[in-house]
Amino acid sequence: MENEINNSVTEPIEGQPDQESKMYTQEEVDSLLQKEADRRVTEALKKVEKKKEAAVAEAKKLAQMDAQQRYEYELQQREKAIEDKERELMLAENKNEAGRILSEKGISLELVDFVVAESADDMYANIQKLEKAFKNSVKAEVERRMSSSVPKKNLPLDTTITREGFAKMT
């Protein structure tokens, strides 16, 4: 009995923070951890298997080609890789430019991923939409806060308070 109490772990159940917590024994915790580890290993093995199958299929495809076809295929693969790298470079440059424009407009750089696009025109249009929505939401929030808490009584700003005046205050 005492061993069971020492080996139990108290954890709140996710999604129910204010309800009773469930007690797990060390064996249950170990079992849950082992199941999660097994699931992750299985997923990783499936990914490796898919990559291996793709590589084998690629090798079979290349083996069936003659020298000219293999050369053309490899050339196409290289051109595709170059296009992908160019697209990545263009997106990085656009992200940098979008960050510069957002900082000039006073908008947080954390929002740069929402406006980056492949073409400069699309990106600029996204920035304009974001700026308009951002300013409208800030304006609405400022108006809401300004209207909700109006001071009840203002003290005159240019008068000084004397001891007698202070004593009369509630």
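**Q&A on a predicted model**

User: Is Val142 buried, partly exposed or exposed, going by its relative accessible area?
Analyst: This is a predicted model, and in it Val142 has a relative accessible area of 46%. Buried would need under 20% and exposed over 50%. The value for Val142 sits in between, so the residue counts as partly exposed.

User: Which nonpolar surface patch does Val142 belong to, and what accessible area do its members have together?
Analyst: Start with where the residue is: Val142 lies in helix α5, which spans residues 120–148. On the surface, Val142 joins Phe134, Val138 and Met146 in a nonpolar patch. Together, these four have an accessible area of about 360 Å².

User: What about the overall layout: in what pattern do the helices and strands follow each other along the sequence?
Analyst: The parts list is six helices and two strands. Reading along the sequence gives the order of those elements. The pattern is α-β-β-α-α-α-α-α.

User: How much of the protein is buried?
Analyst: For some background, the accessible surface comes to about 15,200 Å², with 54% of it belonging to carbon and sulfur atoms. To count as buried, a residue must have under 20% relative accessible area. Of the 170 residues in the protein, the buried share is 10%.

User: What share of the contacts with a separation of 6 or more comes from residues 24 or more positions apart?
Analyst: Take the contacts in the protein between residues separated by 6 or more. Within that set, pairs 24 or more positions apart account for 25%.

User: How do α2 and α3 sit relative to each other: parallel, antiparallel, perpendicular or oblique?
Analyst: Two packed helices are described by the angle and the distance between their axes. Here the axes of α2 (residues 26–64) and α3 come within 8 Å and cross at roughly 140°. The contact is made by Glu58, Lys61, Leu62, Ala63 and Gln64 of α2, together with Gln69, Arg70 and Tyr73 of α3. Roughly antiparallel needs an angle over 145 degrees, and the two helices are therefore oblique.

User: How many salt bridges are there, and which one is formed by Asp84?
Analyst: Searching the whole structure turns up twelve salt bridges. Asp84 sits in helix α3 (residues 67–105), three residues, or about one turn of the helix, from its partner. The closest N and O atoms of that pair are 3.1 Å apart. At 30% relative accessibility Asp84 is partly exposed, as is its partner at 34%, and that partner is Arg87.

User: Where else in α3 is there a salt bridge, and what is its N to O distance?
Analyst: Glu97 and Arg100 are both in helix α3, three residues apart, again about one turn. Glu97 is partly exposed at 30% relative accessible area, and Arg100 is partly exposed at 38%. Their side chains meet in a salt bridge with an N to O distance of 2.3 Å.

User: Which residue does Arg145 pair with in a salt bridge?
Analyst: Arg145 counts as exposed, at 54% relative accessibility. Its partner is also in helix α5, four residues away, which is about one turn. The closest N and O atoms come to 2.8 Å. At 30% relative accessibility the partner counts as partly exposed, and the residue in question is Glu141.

User: Which residues are linked in a network of salt bridges?
Analyst: A salt bridge here means a Lys or Arg side-chain nitrogen within 4 Å of a carboxyl oxygen of Asp or Glu. Salt bridges link two Glu and two Arg residues into a network: Glu36, Arg39, Arg40 and Glu43.

User: Is Glu131 buried or exposed, and what does it touch?
Analyst: Glu131 lies in helix α5. Its relative accessibility is 11%, so Glu131 counts as buried. Setting aside residues up to four places away in sequence, Glu131 touches Lys105 and Ile107.

User: Where is Val116, and how far is its C-alpha atom from that of Ala98?
Analyst: Val116 is in the loop between α4 (112–115) and α5, and at 22% relative accessibility it counts as partly exposed. Beyond its neighbours within four places in sequence, Val116 is in contact with Leu91, Asn94, Lys95, Ala98 and Met123. Val116 and Ala98 are 18 residues apart along the chain, and the separation of their C-alpha atoms is 6.6 Å.

Terms used:
Residues numbered from 1 in each chain as written. Predicted model: local features only at pLDDT ≥ 70, side-chain atom pairs only at ≥ 80, totals over all residues. Heavy atoms only, no water. Patch = residues over 30% accessible without salt bridge, like charges linked within 9 Å, V, L, I, M, F, W, Y side chains within 5 Å. Areas by Shrake-Rupley, 256 points an atom, 1.4 Å probe, with all protein chains shown as cover. Buried < 20%, exposed > 50% of the residue type's maximum accessible area, 1.4 Å probe, protein only. Contact = heavy atoms within 4.5 Å. Axes fitted to C-alpha atoms, helices over the stretch in contact; angles between N-to-C directions. Parallel < 35°, antiparallel > 145°, perpendicular 65-115°, else oblique.
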